[in-house]
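Work through the exercises below with the sequence and the 3D structure open. Each task is followed by a solution in steps.

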Amino acid sequence: MPAAISQDNFGQTKDGRCVTRYTLSSSSGRLVVRILDYGGIITEINVPDRNGKVSDINLGLDDMADYETKSPYFGALIGRVANRIAGGRFVLDGQTYQLFINNGPNSLHGGRIGFDKKIWNAHVDGDQLVLKYTSPDGEENYPGELTTTVRYRVSDDDELWITYEATTTKPTPVNLTNHAYFNLAGHGAGTLDDHVVTIAADSFLVLDENSIPTGYQYLVESTEWDLRKPVRMDDRLHQVPGGKGFDHNFCLTQGSSREPKFAARVEHPPSGRFIECKTTEPGLQFYTCFYLNVPSAKGGAVYRQFGAFCLEAQHYPDSVNHPSFPNTVLRPGETYHQTTVYKFGAA
């Protein structure tokens, strides 16, 4: 059985609310994950390399003041809708909704105060950390009262399981994910060049100048987006047109599934560390952090451009405005389900 979940105080928000940090460990002690009830933020992921040297491979910050003021969604739960909505606008059942604009002309990751900035109700249920948040009808101008439950669990196989459920009182778009930033050499290593990436996707979404899907789904064959076989990032990262690396939705070969299926694997040959992602979601946003710039981060680390990667399992961006994309509208009487699993190890 996994080790018992412990907890300690992580400080206070600027308005005086206490924030609790929970520590989850595998039975072997090889995987130790720390998570806040503020935003469901993963603050640490500690794993050994092939020689047993333990490093924290999860980018983050030292205290609540930093998480509230300078975090680019480090390790956080994202909702109601992850990724971008074009113009911050959508039409649902004949009614137009205008959201907060916080990413160029778009709404990003839930708006001005998304799920990443909420204190969730937390309790421990056996080997699971259970977080629950009820978003009021009209919050961030989304319709319906949305009740979301997220369960974190560390397995004996050194896997981090994240299971999501949500229900609503009115039809509303829902697209949840976790926004962990990884560097398998250690969170402050600063480069992805020596990482090797595989993504099980035969196609990807073409984006316009505002990073919104055009609606076209292109095959990865003979493009820089072909990651179906292992590819070193220093051989590919700077070849992506536009010079910004990857920040694209890969349409997973599996599509939506009832059980988590293989989506991606990232390896770091110098340390032997790897991460594998399995998910029930149809899409994987692979982001190589062109916009990352945090000069004073966790433990004094400096986070720079292309210093980490994200594997954000989710539905496609701007799906609410693309009827041909997998559906993100949740209706009363339905339950949103998602399971994503990150497995850690050293080869």
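**Exercise 1.** Decide whether Trp120 is buried or exposed, and classify its ring pair with Tyr133.

Solution. Trp120 has a relative accessible area of 2%. Buried means under 20%, exposed over 50% and partly exposed in between, with a 1.4 Å probe and protein chains only. Trp120 is therefore buried. Tyr133, at 12%, is buried as well. The model is predicted: local features need pLDDT of at least 70, side-chain atom pairs count only at pLDDT 80 or more, and totals for chains, interfaces and linings use all residues. Residues are numbered from 1 along each chain as its sequence is written, and side-chain values use heavy atoms, without hydrogens and water.

Next, the rings. Rings of Phe, Tyr and Trp (its six-membered ring) pair if their centres lie within 6.5 Å; planes under 30 degrees apart are stacked, over 60 edge-to-face, and the rest tilted. A search of the whole structure gives 20 aromatic pairs. For Trp120 and Tyr133 the centres are 5.8 Å apart and the planes stand at 50°, so this pair is tilted. Trp120 is in the loop between β10 (107–108) and β11 (121–125), and Tyr133, 13 residues away, is in strand β12 (residues 128–135). Strands here are DSSP runs (E, at least two residues), numbered from the N terminus.

**Exercise 2.** Classify the pair Phe246 and Phe286, and place both residues in the chain.

Solution. The ring centres of Phe246 and Phe286 are 5.3 Å apart with planes at 40°, so the pair is tilted. Phe246 lies in the loop between β20 (231–232) and β21 (247–252), while Phe286 lies in strand β24 (residues 283–287), so the pair ties together parts 40 residues apart in sequence. Both Phe246 and Phe286 are buried.

**Exercise 3.** Which residues do ring pairs link into a cluster?

Solution. The cluster consists of Phe74, Tyr181, Tyr287 and Tyr303.

**Exercise 4.** Find what lies over the faces of Trp161 and Phe274.

Solution. The test asks for NZ of Lys or CZ of Arg within 6 Å of the ring centre and within 35 degrees of the ring normal.

- Trp161 has Arg153 over its face, 5.1 Å from the ring centre.
- Phe274 has Arg265 over its face, 4.1 Å from the ring centre.

Notes:
Helices (H or I, at least four residues) and strands (E, at least two) are DSSP runs, numbered from the N terminus.
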